[in-house]
Each structure stands twice: as C-alpha cells, then as structure tokens.
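Subject: Structure for your review

Dear colleague,

I am handing over the structure below, together with some notes on what was found in it. Please read the notes with the coordinates open beside them.

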Amino acid sequence: MKEWINELKSFFSANQVLTELADRYSYSFDGSFGEYLPEAVVQVKTKEEVVHVMKIANQYKVPVTPRGQGTCLSGGPLPVKGGIVLDTSQWPARIDVTPDDLIAVVSPGVLTASINQEIEKYGLMYPPDPSSAHVSTIGGNLAENSGGPRGLKYGVTKDYVIGLELVTPEGEMIKTGGRTIKNVTGFDLTKLVIGSEGTLGIITEATLKLVPKPPAVQTLMAVFDEVELSGRAISKTLTSGILPSKMEFMDQASVQAVENYKPSGLPVEAAALLMIELDGHPEAIKAEANQVEKIMKELGAKDIVVPKNEEESAKIWQARKQVSPAIAKIKPTKVSEDATVPRSKIAEMMERLQAIKEKYDIELVVFGHAGDGNLHPNIMCDKRDEDEMIRVEQAVGEIFQAAVELGGTLSGEHGIGTMKAPFMEQELGSAGLDMMKRIKDSWDPKGIMNPGKMFPERDQKLVLRHE
C-alpha cells in the first residue's frame, strides 16, 4: 500500500478512508460520461480534516478531486488522474441564519434545498434553484456555479456568495470576501473560486446572500403552433419592462415525452410551450400577468392557461420538472447539454438545432430556461450503438459551435469539466485559455487540484464511447 494512503489511514477513523475496489468504483462516475477509478476516497467532516488531506496530497503530489453528491452533468467530480476523491457529502449540515443581515453561513455538505427550507422560517429565500437542489450539495453548486429557472430574474450561484472559507492546494486555510454586501478589498477571489470546479481549492464554508421571499406569485402557460413565435414572445415580454422570475420552454418532443411518462394535461399537439412565473406584490403581478397575457396573444399564442390556485400552478411546474426523467424513456442514454445564447438568438438557435437533428439523424429534445437563453438540448441515444454515438459526438460539437457563433457560451450552468474542455479554446481563444491556465498554475503549482478538468490536453476530443 502506498505511503500516503497509510498516512491517511493513521489519521482518520477506519470508515473514513475507503480503498476497497467496490467502494472506489462507486466514486468513479457522475451524471455525465466516463469512468475513472480513484486510489482512495476520504470522507471528510471538518475543515481540519480537509487541511490534513491537502497537506499529505501536496507532499506526495497526489491528485485530489472534490466531490459532493456526484450529480454533475459535465464530469467535474471524475478522478481523471486517480489519486484521492475528497467526499464532502458526509459533512454535518450547518445552516446559520442571520436574518437582520440577510445572510446564511453554510457547510459544503448541505443539500441546497435544505437551505431554503430553513430560511423560509424567516420569510427569506436563497434564489438559485437548480433542478437537482433536492439531491445536490451547496458545495457542488458553488464549484459549478449552478443556476436554475429563477436565474432569469435573480441570477446564478455566484451572485449570492459574498464570502468563502477555502483550503488551498498546499493545505492552508484562507478566507475570501466576508459578511458585508459591499467589499472591494483587493481582488474578488470569491467570484474567482465560484465556478472553478474544484481546480483552485476546497470550499469548507460559504456565506450566502439572501433576499426576502416575494409575497405572491402567478403562473401562466402559453401554447404555440410555431417555435419561432414562442421565441418572439420571449423577446417581446423581456423588452416590455416585465421581468418574470421564470420563463421556461418545452418543445413538442419534451411535451409528448412528459405526457407519455406521467400525464399532466399538456397539449401534445403544441410545437412549443412557454411556462412563466411572475413574483412580487399581488397588485403588481396582477397587472403584469394581464400584460404578459396580452403579449402572448399578440404574438400568436394558440391558448393561454392561467391557473386559478396554487395546486394548478404546481401541476404545471411539476410537468416541467418531469422532462428529464420522461425523455430518458425515449432511449437508454441521455446526453444533456446547456449551450446558452443571447435572448434575441433563441429562435435562430432553435433552427440550428433542428438542422443538426436532421443532419445527424438523432433524437433531439429541447427544453430549458428560455428567458435567459439557457437552452437544454438533450440527445437521446444508445451508448451500445457505436455508429449512433459517433454521430452524437459530431452533433454535440456542432451544437457548441452554433452557440458560440451566435454570441453564446458552451455552458450556462452545468460547467465545463471533462465534457466541454475540448471546446474551451473555441470560445475563449488561445490567449484567453492560456491566461486561465496561468491563474490555475499560480494557485496550484503542483497541479494536484482536480486535474483533467476545464483545460484540454493536447488533441483532446469529446468521446462518449468506450474506445
């Protein structure tokens, strides 16, 4: 057994360091593609334990891959270079709320949904709402800079983190930001760390900004016979002075998949659905709902559904949440992407996606957060069919190319990880990518923090098959 593993075992209790093959295999994959076996898994429960792991890793130059619940869709927690998987999911949950300051201090292993459950007692809200919030940890959300439907009005994770406690690759504890909304002391290291996918250090604590929970919400659903009309309706709404909290899109394939999976009464003949949520003062959202309804009709909505109560609203949003499990019934393998384009380019991106679907003869389902241009093109396929997977790889490449050409980005909320690393230079350019790599090297001179992520290796390509 390697010396560094013995050192870990001498410090931790027996059940915190996992080296059996079966245990290591369960940490070799996430919600994306690829399997990489770690040499050891350490389940940390305190910041002092993280410091100890990193000091040993730094001494022996052992790769360390941070991991929450492993729900990542881009390969962020995959131990590409072996070494140690540092599991924070067993960390005792801590949510310390200071209502008067509108902040909460949380530990990395807290489930994201649990944060809102706790702060709702004070009439507050933590806006980022990724679909995996009930199973993903806040540590993973911080690493990936997660978003969600409310990102349209409220922004993403980085917009609500004002302070961090972090263990560096050398095993030093540092703090960034603080507990105040205004803080311009030096470089904004907090924003640098959020979304860095564990390549700069291990987050052991976060101070989150909270907002008052809106007193009222109103849902509307608009039905369109043409996708282009729905795109125009999105733009018209957002330039009218109204800012919905959510504006979700479902294409016909996703609507039909949901109705086949768990019928919700959605119109299966619709080419596109827009699901809109307004929040704020009751009188204000009543006026806004009337204006949105008017806009939808002017832009050619075939039908507009306005729920009469919370139960009817919940049914609409539950149908939207069913898309991912529903489309998984189409074929056994799901390739989930989140290419994002400017709002004005949504209709054009939809046209490009349709052309890619026809060119490569693939099952392509599109849904997502249309209000902020964050579409989720999902390709349904069968990883046992090598010919099909080759076409899927080519289609994914063209999806990213289309997004970048339209002024968009590779990822709106899933992160880069291993899946999108080969395309980074396409968006950032060689000089931009080199500058990011120089920052990474200065923070992590021995290259032990989550290697193999974000930065492509020479001639690296997207591979969804076992070669």
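To begin with the charged side chains, Lys47, Arg94, Asp96, Glu165 and Glu205 are joined to one another in a network of salt bridges. Please bear in mind throughout that this is a predicted model, and that every value quoted here is computed from it. In total the count comes to 24 salt bridges, where a side-chain nitrogen of Lys or Arg has to lie within 4 Å of a carboxyl oxygen of Asp or Glu. As general background, side chains of opposite charge can pair when their charged atoms come close.

Three individual pairs may be worth looking at in turn. In one of them, Glu39 and Lys2 meet through their side chains in a salt bridge, with a distance of 2.5 Å from N to O. That pair links distant parts of the chain, since Glu39 sits in the loop between α2 (21-25) and β2 (40-43) while Lys2 belongs to the segment before α1 (3-11), the two being 37 residues apart. Glu39 is partly exposed, with a relative accessible area of 26%, and Lys2 likewise counts as partly exposed, at 44% relative accessibility.

Another pair is formed by Lys246 and Glu277, whose closest N and O atoms are 3.9 Å apart, a value that still falls under the rule of within 4 Å. Here too distant parts of the chain are linked, with Lys246 in strand β13 (residues 246-251) and Glu277 in strand β14 (residues 272-280), 31 residues apart. Both Lys246 and Glu277 are buried.

In the remaining pair of the three, the side chains of Glu388 and Lys331 form a salt bridge at 2.7 Å, N to O. Glu388 lies in helix α14 (residues 386-405) and Lys331 in the loop between α12 (323-327) and β16 (333-336), so that the pair links distant parts of the chain, 57 residues apart. The two partners fall into separate classes of accessibility, because Glu388 counts as buried at 3% relative accessibility, whereas Lys331 counts as partly exposed at 27%.

Turning to the surface, Asp225, Glu226, Glu228 and Glu351 gather there in a patch of negative charge. Of these residues, Asp225 is located in the loop between β12 (216-224) and α8 (227-238), and Asp225 is partly exposed, with a relative accessible area of 47%. The surface also carries a nonpolar patch of about 370 Å², which is made by Leu21, Tyr25, Phe29 and Leu37. Leu37 is found in the loop between α2 and β2, which is also where Glu39 of the salt bridge with Lys2 is placed, and Leu37 counts as partly exposed at 38% relative accessibility.

Finally, how many disulfides does the structure hold? The structure holds zero disulfides. Cys72 takes part in none, and the nearest cysteine sulfur, that of Cys381, is 18 Å away. Seen from the other side, the closest cysteine sulfur to that of Cys381 is the one in Cys72, and because the distance is 18 Å it is too far for a bond, given that a disulfide requires the two sulfur atoms to be within 2.5 Å. Both cysteines count as buried, Cys72 with a relative accessible area of 12% and Cys381 with one of 0%.

With best regards

Methods. Residues are numbered from 1 along each chain as its sequence is written. This is a predicted model: local features need pLDDT of at least 70, side-chain atom pairs count only at pLDDT 80 or more; totals for chains, interfaces and linings use all residues. Side-chain values use heavy atoms; hydrogens and water are left out. Patches are made of residues with over 30% relative accessible area and no salt bridge: like charges are joined within 9 Å, nonpolar side chains (Val, Leu, Ile, Met, Phe, Trp, Tyr) within 5 Å. Accessible areas come from the Shrake-Rupley method with a 1.4 Å probe; for residues, only the protein chains shown count as cover. Lys and Arg count as positive and Asp and Glu as negative; His and the chain ends are not counted. The place of a charge is taken as NZ of Lys, CZ of Arg, CG of Asp or CD of Glu. Helices (H or I, at least four residues) and strands (E, at least two) are DSSP runs, numbered from the N terminus. Buried means under 20% relative accessible area, exposed over 50%, partly exposed in between (1.4 Å probe, protein chains only).
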